[in-house]
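The following exercises concern the surface and the interior of a protein chain. Please work through each task before reading its solution.

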Amino acid sequence: MGFTFMVTADLTSSSIYPPFLVFSGTQMEMAKDPTRTKDYAYQDWRRRGGGRTASVHHNKKHWFNEAITIRYLDHLCTELVPTGKIGLTWDHAPAHCSGKVKEKLEELENIGRLIVGLIPRGLTSVLQPCDLAVNRTLKHTIKDLYLHWRRDYMEEKRQ
């Protein structure tokens with residue numbers, strides 16, 4: 001049905017970290033049997049061989065909810081930037097403002113791992129660096145790659 005991805009960039013080195021992807025599917029925390037979900041099957045995608053670098057997750061509507069947002073914060077602080085202090089530009093998305101997410105942000109701030117710069121409501125498209133510099137290009141590239149893959153797949157099946 002779709003996917004959402006969180007783009008994380010290091011502004012000091014002008015580099016982009018591997019994406020954090022959320023596809024449509026059952027989230028482990030919401031399943032009667034978590035081991036039968038795509039979320040479970042892909043939880044170690046980043047660590048598998050073959051050069052895979054994205055972190056893959058699933059949620060009913062392929063959006064960030066509270067649990068997925070906390071996963072992203074854990075991923076950011078353990079896998080992408082395992083040491084040092086992180087400056088996070090954060091907008092007012094509903095998943096970013098929940099009680100548990102606020103607790104997680106405070107915990108990370110208190111241990112010196114995170115500084116959050118909150119973007120005022122209505123200014124995300126103006127002030128968020130990834131929205132300005134990366135998202136459009138990345139979305140266009142992903143769409144092109146998908147369309148090429150789909151075309152090649154269909155041609156292969158026809159043969």
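**Exercise 1.** Which residues make a nonpolar surface patch of about 510 Å²?

Solution. The model is predicted: local features need pLDDT of at least 70 and side-chain atom pairs pLDDT 80 or more, while totals for chains, interfaces and linings use all residues. Residues are numbered from 1 along each chain as its sequence is written, and side-chain values use heavy atoms, without hydrogens and water.

Step 1. A patch residue has over 30% relative accessible area (Shrake-Rupley method, 1.4 Å probe, only the protein chains shown counting as cover) and no salt bridge (a side-chain nitrogen of Lys or Arg within 4 Å of a carboxyl oxygen of Asp or Glu); nonpolar side chains (Val, Leu, Ile, Met, Phe, Trp, Tyr) are joined within 5 Å, like charges within 9 Å.

Step 2. The patch is made by Tyr146, Leu147, Trp149, Tyr153 and Met154.

Step 3. Tyr153 is found in helix H6 (residues 135-158), and its relative accessible area is 36%.

**Exercise 2.** Locate Arg113 and describe its surroundings.

Solution. Step 1. Arg113 is in the loop between helix H3 (99-110) and strand S7 (114-118); helices (H or I, at least four residues) and strands (E, at least two) are DSSP runs, numbered from the N terminus.

Step 2. Arg113 is buried, that is, under 20% relative accessible area (exposed is over 50%, partly exposed in between). It has no salt bridge, and Glu107, the nearest side chain of opposite charge, is 9.4 Å away.

Step 3. A polar atom of the Arg113 side chain lies 3.5 Å from the backbone oxygen of Thr83.

Notes. Buried < 20%, exposed > 50% of the residue type's maximum accessible area, 1.4 Å probe, protein only. Lys, Arg positive; Asp, Glu negative; His and termini not counted. Polar contact = N/O pair within 3.5 Å; in protein donor to acceptor, adjacent residues only side chain to side chain. Contact = heavy atoms within 4.5 Å.
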